[in-house]
Amino acid sequence: MFGWKGRILRIDLTTGNRSIEDLSPELCREFVGGRGAGLKILMDEMDPRIDPLGPENKLVFATGPLTGTGVPAGGRFVVVSKSPLSGFIANPCCGGYFGPNLKYAGYDFLILEGKAPSPVYLYIRDEQVELRPAEHLWGLWSTATEHALRQELRAELDDWQLNDLSIVCIGPAGENLVRFACIMADGGRAAGRSGLGAVMGSKNLKAIVAGGTGSVELADVEGYRQAVMDFLEEGRENRVLYARRMYGTWSLPGRANKSGTQATRNFQEGYSKAFEWYEDPNHVRDHIRVRDEACFGCPFACSKRSRIDDPAYPGTTKGPEHESMALLGSNCGFGDLDDICRANYICNELGMDTITAGATISCAMEMYESGFLPEEDLGFAMGFGNTEAMFALLHQTAVREAFGAVLAEGGKFLAERYGHPELFMGVKGMGMPAWHPQGVEIIGLQYATNNVGGSHTKATLPFYDGRRDPAEHLKWAKYDQDYIALVDSAILCWIIYHGPLWGGKLQVWLKTVTGIDYSNEALALMGERIWNLERLFNLKAGLTRKDDALPRRMTDEPRVKGQVVHMDRMLPEYYALRGWDENGVPTPEKLRELGLSEEGGGRDDANQD
């Protein structure tokens, strides 16, 4: 098989047994790899109704046919599982080097099941696959875990072997089953949303180390080389990619704020005066940048590493990205860049999703200021702009100490506990990202219908050429959701492969790498198949139409630009466009068209509002 290694590594953590299985060519043809193939594995092997923190849940670490080939921005991996935060499908993607190194060890997929009797880490190097004790690592922060493992492995590996290893791990938040805990990778990158760090923690799995001496075979080496040269030439002159190289996502906070679409004070507003300073991204770059960092095979190096101006937090931090700057900054009522870097550092080291952490704490801040959250429950005063309270709550949450034990369950739980569920700004239990839906209405539909919850990474924002006409927004929302499902399956970085570098690139890479000449129609159908299969997983897990909803603040209270999001109009149109019935269930005709008839529908009560 070109592109794929053709092997699946399965680990039963309960017994310690391992097995190597052949990868089905049919699975690759129908679902590509990554997000799509990982989802199909999960659907075939697991009841979507299981407890996500129970031993029955599985973690599928998935690469794609483009992973490890050197395709620009093709070094990612995805983790597929059931989310302990939403109760639905989870598929966070992550950059760095772990995906390529898993393939170089000889595996396209790693399936983890069961629960280890005591803390362990998994060591993979070619055919050497071992579960090793990790009691001595339990409790360590993310960076300390990586350093400890590299020091431990120094006794058996030389320097070049050690440098070629990748490590994914959890911090204290994952160990303590915080429902928005991350899986951290390669010095600060994160499979960040949906709480899969807690799933690792529930399995007593502290870390995975992967490396190997293999390679990925290409179907058309010369065609591939020419395609890479053409891509780099095109990208060299592209102003959007130039901005990515220079600023990463640091150009976005000022842009969002200036347009009135920046999440502010728990989404009560779309503008923060403190964020006017961010309108020149050079100010941000000059103030905190240490260096630019690239994922495997990427020439754009959009990842930025920042300094922490505080001796209490030594070292540097990956990011902060725009979403972190907004949710840990303006949405919590402050805009000091040094404070945002501190909060980002704490989340990364403790292993928590910055977006949902910020959304949960901003919800608590509004509830406190509104008199719904008593100070005696918190243990101290808290309101918007209180950075010391935020830092304390982040630490408490990661170890489930004091009020952190409540926050560790997520913002939805918090708001419901105190009788005001309308104050959590999230979808399907997941905090909404930085862009305020009332600023650009179609973003609200994208959040509401996202299979994983309130995420910005499963469809592109409607700011690119061809997507700006509101009359076309519904059509583009569906198209983009399907397209990103493909990108996450190949796997490519959606930040690079959108807008100006959109057309035809995925088709070229798949043809030169795998030898399969997919038509545009076949690729479109494949993306739609993946999106619909995720929907079927969610329906079986208990999703109903009520879950495709925004907070009432977005639909009933015109706080930004005097607008609300008209979900009552858009949602039925979206369902019809997808070939779903009025309750959001794919029709038998649509399932037959996508080859999913055997997957069935949702639960018996899935059609009920």
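Mentor: Start with one rule: strands count as paired when DSSP finds at least two bridges between them. Keep in mind that this is a predicted model.

Trainee: In the open sheet of three strands, what is the order?

Mentor: The pairing in this sheet is antiparallel. The sheet is open, and its three strands follow the order S14-S15-S16.

Trainee: Which strands stand at the edges of that sheet?

Mentor: An edge strand here has a single partner strand, so one side of it is left without a neighbour in the sheet. That applies to two strands: S14 (289-293) and S16.

Trainee: What does the twist average from one strand to the next?

Mentor: Stay with the S14-S15-S16 sheet. Going from one strand to the next, the average twist is 25°.

Trainee: How many bridges join S15 to S16?

Mentor: S15 covers residues 303-307 and runs antiparallel to S16. Pairing needs at least two bridges. S15 and S16 are joined by three.

Trainee: Which residue in S16 does Ser306 stand opposite?

Mentor: S15 spans residues 303-307 and is bridged to S16. Across from Ser306, in S16, stands Thr317.

Trainee: At about what angle to S16 does helix H13 run?

Mentor: H13 takes in residues 337-350. The helix lies across both S15 and S16. Relative to S16, its angle is about 75°.

Trainee: Move to strand S10. Are its residues Ser166, Ile167, Val168 and Cys169 buried or exposed?

Mentor: Ser166 and Val168 point one way from the strand. Ile167 and Cys169 point the other way. Buried means under 20% relative accessible area. On both sides of S10, these residues are buried.

Trainee: Which residue in S13 is the bridge partner of Val168?

Mentor: S10 and S13 (residues 205-211) run antiparallel, joined by four bridges. In S13, Val168 is partnered by Ile208.

Trainee: And in S11, which residue is the bridge partner of Cys169?

Mentor: S11 (residues 183-185) pairs with S10 in the antiparallel sense, over two bridges. There, Cys169 is bridged to Met184.

Trainee: How many disulfides does the count come to?

Mentor: The cut-off for a disulfide is two cysteine sulfur atoms within 2.5 Å. Take Cys298: the nearest cysteine sulfur is that of Cys302, 6.1 Å away. For Cys493, the closest one is also in Cys302, at 5.8 Å, too far for a bond. The number of disulfides is zero.

Trainee: What is the relative accessible area of Cys493?

Mentor: Buried means under 20%. Cys298 meets that, being buried at 18%. Cys493 is buried too, and its relative accessible area is 8%.

Trainee: Which peptide bond, with omega near 0°, leads to Pro320?

Mentor: Pro320 sits in the loop between strand S16 (316-318) and helix H12 (322-327). The bond is cis, and it runs to Pro320 from Gly319.

Trainee: Which residue does a cis peptide bond join to Ile491?

Mentor: Ile491 is in the loop between helix H20 (473-490) and helix H21 (505-514). Omega of the cis bond is about 0°. Its other residue is Ala490.

Trainee: Is Ala402 buried or exposed?

Mentor: Ala402 lies in the loop between H16 and H17. Its phi is positive, about 50°, although it is not a glycine. Exposed means over 50% relative accessible area. At 56%, Ala402 is exposed.

Trainee: What value is phi of Arg400 near?

Mentor: Arg400 is found in the loop between H16 (387-399) and H17 (404-407). Arg400 is partly exposed, at 27%. Its phi is positive in a residue other than glycine, near 55°.

Notes: Residues numbered from 1 in each chain as written. Predicted model: local features only at pLDDT ≥ 70, side-chain atom pairs only at ≥ 80, totals over all residues. Heavy atoms only, no water. Buried < 20%, exposed > 50% of the residue type's maximum accessible area, 1.4 Å probe, protein only. Axes fitted to C-alpha atoms, helices over the stretch in contact; angles between N-to-C directions. Contact = heavy atoms within 4.5 Å.
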